[in-house]
Amino acid sequence: FDAIHTLDRLSLAQKLAGLAQARGSLPALFVQVNTGEEPQKAGVLPGDLAAFLRDCRALGLSPAGLMCIPPEAQD
């Protein structure tokens, strides 16, 4: 596969960082953001995104972008 679209927690980022070191590369990474802050959905909350990105970069990961799924009834 070419991309991982569901990077949404630090434990996963740590595992991916270990794989990146072992393999020398990773597919493109996209951080999953829970834009509607819906409890039934996974994803980083918008208010936690900047800190999560800092943590990912500190692990040597470079997310390519965000994957956001808004609430169904919103644009």
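Student: Which residues does Leu16 touch, leaving out those up to four places away in sequence?

Tutor: Keep in mind that this is a predicted model. Contact here means heavy atoms within 4.5 Å. Skip anything up to four places away in sequence, and the partners of Leu16 are Ile4, Leu7, Leu26, Leu29 and Leu61.

Student: OK, and which members of the largest nonpolar core touch the most other members?

Tutor: That core has 15 residues. β1 (3-7), α1 (10-23), β2 (28-33) and α2 (49-58) each supply at least two of them. In general, nonpolar side chains tend to be buried together in soluble globular proteins. The members touching the most others are Leu7, Leu16, Val31 and Leu61.

Student: Let's look at α2. Do its buried residues line one face or are they scattered, and what arc do they fall within?

Tutor: The buried ones are Leu49, Phe52, Leu53 and Cys56. Look down the axis of α2: these residues sit close enough in direction that they line one face of the helix, so the answer is one face, within an arc of 100°.

Student: Which residues are exposed on the other side of α2?

Tutor: Exposed means over 50% relative accessible area. The buried residues of α2 pack against β1, α1, β2 and β3 (65-68). Over on the other side of α2, the exposed ones are Arg54 and Ala58.

Student: In what order do the elements run from the N terminus on?

Tutor: Start with the tally: the protein has two helices and three strands. Now walk along the chain from the N terminus, and the order is β-α-β-α-β.

Definitions and conventions
Residues numbered from 1 in each chain as written. Predicted model: local features only at pLDDT ≥ 70, side-chain atom pairs only at ≥ 80, totals over all residues. Heavy atoms only, no water. Core = buried A, V, L, I, M, F, W, Y, C linked by side-chain atoms within 4.5 Å. Buried < 20%, exposed > 50% of the residue type's maximum accessible area, 1.4 Å probe, protein only. Helix = DSSP H or I, 4+ residues; strand = E, 2+ residues; numbered from the N terminus. Arc of directions from axis to C-beta.
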